[in-house]
Amino acid sequence: MSEIDIKKWLTDITETIKTKDLDRHMDLVSENVVIYGMPNGNTLNYQDWYTRRKSEFQRNILKNISFHKLKVKTFGLRRLIFDVEEIMDGTNGDMVIINKQVILEQGQDEKWRVVEETIHNWKFLKGRKTN
């Protein structure tokens, strides 16, 4: 069941981006989340994630997000660890490709939420605006 749980979480993240559903999106993120490996060396927390997504949704700059190259690393009773390639498509044609490790944790309410991400590397591709 664990790989199915991971794929469902990835699908839910993708759908909340497409529909710009901030509340549902943030319900997939633990309030204790930490993101490591940012280009500037800083870490991000729940409030940072919320602020960023809210801005992206309001300004309509994030068109789509997709996930590829899923590699499950660890199944635990309440923790799932996997590597994945995330592709973020901007409405202006820009694209960011991020290779990262994700840790999901199952809460008391049985929902899976991301508690930690570690970015291994990323690549920014400048695009042209598409309609």
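**View 1. The lining of the second largest pocket.** Asp5, Lys8, Trp9, Asp12, Asp27, Leu28, Glu110, Lys111 and Trp112 line the second largest pocket of this predicted model. The volume of this pocket is about 170 Å³. Helix 1 gives the largest share of the lining, 4 residues. By class, 6 lining residues are charged and 3 are nonpolar, with no polar ones.

**View 2. Asp12 and Lys8, a salt bridge within helix 1.** Both residues belong to the lining of the second largest pocket. Their side chains meet in a salt bridge, with 2.9 Å from N to O. Asp12 and Lys8 are 4 residues apart in helix 1, so about one helical turn separates them. Is Asp12 buried or exposed? Asp12 counts as buried because its relative accessibility is 15%, and buried means under 20%.

**View 3. Lys111 and Asp27, a salt bridge between two loops.** These two residues also help line the second largest pocket. The closest N and O atoms of their salt bridge are 2.6 Å apart. Lys111 sits in the loop between strand 4 and strand 5. Asp27 sits in the loop between helix 2 (22–26) and strand 1 (29–36). The pair therefore ties together parts that are 84 residues apart in sequence. Lys111 is partly exposed, at 38% relative accessible area. Asp27 is partly exposed as well, at 29% relative accessibility.

**View 4. Glu85 and Lys69, a salt bridge between two strands.** The side chains of Glu85 and Lys69 meet at 3.5 Å, N to O. Glu85 lies in strand 3 and Lys69 in strand 2, so the salt bridge ties together parts that are 16 residues apart in sequence. Glu85 is buried, with a relative accessible area of 12%. Lys69 is exposed, at 63% relative accessibility.

**View 5. A network of salt bridges.** Which residues does the network join? Asp27, Asp109, Lys111 and Arg113 are joined into one network by salt bridges that share partners. The model has a count of 16 salt bridges.

**View 6. The largest pocket.** This pocket has a volume of about 630 Å³. Its lining is made up of 28 residues. Which of them lie nearest the centre? They are Arg52, Arg53, Glu56, Met88 and Ile98. Several elements each supply at least two lining residues: helix 1 (2–19), helix 3 (46–59), strand 2 (62–75), strand 3 (79–90), strand 4 (95–106) and strand 5 (112–125). The lining has 18 nonpolar, 2 polar and 8 charged residues.

Notes. Residues are numbered from 1 along each chain as its sequence is written. This is a predicted model: local features need pLDDT of at least 70, side-chain atom pairs count only at pLDDT 80 or more; totals for chains, interfaces and linings use all residues. Side-chain values use heavy atoms; hydrogens and water are left out. On a 1 Å grid over the protein atoms alone, a cavity is a set of points where a 1.4 Å probe fits but cannot get out, and a pocket is an open set with protein on both sides within 12 Å along at least five of seven lines; lining residues have an atom within 4 Å of a point. Grid points are joined across faces, edges and corners, and a volume is the space filled by probe spheres set on the points. Ala, Val, Leu, Ile, Met, Phe, Trp, Tyr, Cys and Pro count as nonpolar, Asp, Glu, Lys and Arg as charged, and the others, Gly among them, as polar. A salt bridge is a side-chain nitrogen of Lys or Arg within 4 Å of a carboxyl oxygen of Asp or Glu. Buried means under 20% relative accessible area, exposed over 50%, partly exposed in between (1.4 Å probe, protein chains only).
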